[in-house]
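Thanks for sharing this one. My notes follow as numbered points, best read with the structure open beside them.

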Amino acid sequence: MTGFLILAFVILMAGVAAVPLATRFGLGSVLGYLLAGMALSPLLLALGVDVEGLQAFAEFGVVMMLFIVGLEVEPKRLWEMRRRLIGLGGGQVVATTLVLAGAMYLAGEQWRTALAIGMILALSSTAIIVETLTEKGLLKSEGGEAGFSVLLFQDVAVIPILAILPFLALPELAAAGGAVAEGAHGHGGLDITAGMPVWLSALTTLAAVGAVVLIGAYLTRPVFRYIAGAHLRELFTAAALVFVIGIALLMTFVGLSPALGTFLAGVVLANSEYRHELESDIEPFKGLLLGLFFITVGAGIDFALAVENWGTVLFWAAVVIAVKVLVLAAIARIAGIRRQSSWLFSLSLAQAGEFAFVLIAFAVANFVLDSETADLLLLVVALTMLVTPLLFIAYDKLIEAAYCRGEEREADTIAEENPIIIAGRGRVGGIVDRMLDAAGHRATVIDYDSTHLEHLKKFGVTSYFGDATRPDLLASAGIARARLLIVALDEREQIDKLVGYALQNFPNLHVIARAIDRDHVYHLWAMGARDVIRETYDASLRMGRSAYEALGADRQSAMAMRDAFEEMDRTSMREVADLYRNDIPAWENEPLLAKVRELRAEWDPKLREQMDEIVGRGR
């Protein structure tokens, strides 16, 4: 018990210490876990920890992750992805296998060994890629979706690879080791299809997949409804874990990838009313197990062997990454994936995957690889996984930034002059523009999102591309003769810059400024703006009024209560705004803090009295 507590404390402490540091320096959580594992390696060795066994347990985090991803993918969308699954995924696995096998053959390996290594290294890391893409918000981008399609195909490809590997056994290894051994990680004794005729094995596998679909579609709802009736959160969490673990076991029994089975179950439940509850219950376990998996990858690196063969390991790791990037780039070009999406697709899938650890053990057990080659191959796989976060950093800092610069274009020439100028035509400026246009008021609209403006153009909306904070662009829009400037930009810094320029240079211009929050209102007021609108204020008041109605107030009383709150809020804001200073934070402004405390003491009882009076009149 003490040993387990020590191990749990050490691993959790390493993750808690390393990941925030890595994230702070822009390295990402995955690299943080890998570095934590590398730092722990000597200590785990001294404690006699079975890192490989721990890694096999932690691989269940990948299974849980794909279940959660499946919950986000509706069956209709999965069907729409079928061409990419086969085209991108199949093309990547076959092409990468052949190129890497050819490289290994030219390096002196036997063709059987070369082909086995090519198949093992063709797969990529679902854990690293999906976790990193999700963390960066890129999973639903064009490059992210294309990469995810390849990962799904790779999960399926594990099955034929496991079937092919025993046929690549080297006679000399088999003769030295005896009869062919069974694989590890559930692909041996637990596989009930082993020894079955091909047709029966296929039927059993299809039946298992069908059972997953039927259970997900028809059985889960009544079961979860029954469990939810107990009103015990921990019971629902236990049921969610039973569901995921049970499907993973079923897939293992028929020789399929557990991750593939749970992904399919997630897809089936994507439209379920329990989807969000399942996701929130599984998420913490998924995160901890994935973190543990990455730590074990880092801890599993044999540093003595790596130092002894560092040149060989570095060379083949570079070859693997280069080959996969080139193959993926070619496939992306054929598939019509362009620009930064192609780079994201190519760089994200450039590493070897966690299934390589399973397949290498399976290949050794089946006399396809000797132990020396397997040990070096494990180092190559670990190094490519370790480099992957750096490839994502290169994408962020170099590729994406370069394309953003490349997509810059010259500001449009403004061919009209109107008494109204609207800076920004997003969710705020767009509605204002439509309201003014409906009343016959023509405005000159300037926005910096070229893609958005191109879409608007197709609907017949005229807007001009450019940075609305540039004085020359404002001059060409006729700001010197304009009556009204509406600042509806998204970024606070841009709003401040434009409002400050307009107030300083055009004192007769009426400026309506969008404020991000209450503090921003005070800031703009201190700059001299007198027509400031909080972007979410009116919507919040409407929601508050609806809340009053939901709690029993009639419509008239709810509106009166809303008006009372608004009057108090606006009056108090005006008094506080006069004390706001732009040179110090609000929480360090003692006169302002004292005024807020004074107003709360005065207004809160008055407002409560007003509310009670309104409610009393409505009864």
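1. Strand β2, residues 443–447, pairs with β3 in the parallel sense, and two bridges join them. One place to look is D447, which stands opposite F465 in β3. Please keep in mind throughout that this is a predicted model.

2. What does β2 pair with besides β3? Strand β1 (residues 420–423) and β2 also run parallel, here over four bridges. In this pairing, I420 has A443 of β2 as its bridge partner.

3. Stepping back to the sheet: six strands make up an open sheet with parallel pairing, and their order is β3-β2-β1-β4-β5-β6. The edges are β3 (464–465) and β6 (532–534), each of which pairs on one side only.

4. Is β2 enclosed or open to the outside? Five of its five residues are buried, so β2 is largely enclosed by the rest of the structure. The side chains split by direction: A443, V445 and D447 point one way from the strand, while T444 and I446 point the other way. Both groups are buried.

5. Some context for the chain as a whole. It holds 27 helices and six strands. Its C-alpha trace spans about 95 × 60 × 50 Å along the principal axes. Of the 619 residues, 47% are buried.

6. On to charges. Side chains of opposite charge can pair when their charged atoms come close. How many salt bridges does a search of the whole structure find? The count is 21. You may want to begin with D433 and R425, whose closest N and O atoms are 3.0 Å apart in a salt bridge. Both D433 and R425 are buried.

7. Helix α25 (residues 537–550) holds a salt-bridged pair of its own: E549 and R545 sit four residues apart there, about one turn of the helix. Their side chains meet at 3.1 Å, N to O. The two partners fall into separate burial classes. E549 has 24% relative accessibility and therefore counts as partly exposed. R545 has 14% relative accessibility, so R545 counts as buried; the cut-off for buried is under 20%.

8. Helix α26 (residues 555–577) offers a related case. Because E566 and R570 are four residues apart in this helix, about one helical turn separates them. The salt bridge between their side chains is 2.9 Å, N to O. Here the acidic partner E566, at 18% relative accessibility, counts as buried. R570, at 44% relative accessibility, counts as partly exposed.

9. Which residues are linked in a network of salt bridges? They are R492, D496, D517 and D519. I would look at these four together when you go through the charged side chains.

10. Now the surface. A patch of negative charge gathers D302, E308, D370, E372 and D375. Of these, D375 lies in helix α19, which covers residues 371–406. With 39% relative accessibility, D375 counts as partly exposed.

11. There is also a nonpolar patch on the surface, formed by I192, I245, L249 and F253, and together they have about 330 Å² of accessible area. L249 belongs to helix α12 (residues 233–253), and I245 is placed in helix α12 too. At 41% relative accessibility, L249 counts as partly exposed. I245 counts as partly exposed as well, at 39% relative accessibility.

12. A last distance, in case it helps you find your way around I245. How far apart in space are I245 and S257, C-alpha to C-alpha? They are 13 Å apart in space and twelve residues apart in sequence.

13. To gather the main threads: the parallel open sheet of six strands contains the largely enclosed β2. Among the charged groups, the buried pair D433 and R425 and the network of R492, D496, D517 and D519 are good places to start. On the surface, the patch of negative charge that includes D375 and the nonpolar patch that includes L249 round off the picture.

Terms used. Residues are numbered from 1 along each chain as its sequence is written. This is a predicted model: local features need pLDDT of at least 70, side-chain atom pairs count only at pLDDT 80 or more; totals for chains, interfaces and linings use all residues. Side-chain values use heavy atoms; hydrogens and water are left out. Patches are made of residues with over 30% relative accessible area and no salt bridge: like charges are joined within 9 Å, nonpolar side chains (Val, Leu, Ile, Met, Phe, Trp, Tyr) within 5 Å. Accessible areas come from the Shrake-Rupley method with a 1.4 Å probe; for residues, only the protein chains shown count as cover. Lys and Arg count as positive and Asp and Glu as negative; His and the chain ends are not counted. The place of a charge is taken as NZ of Lys, CZ of Arg, CG of Asp or CD of Glu. Buried means under 20% relative accessible area, exposed over 50%, partly exposed in between (1.4 Å probe, protein chains only). Two strands pair if DSSP finds at least two bridges between them.
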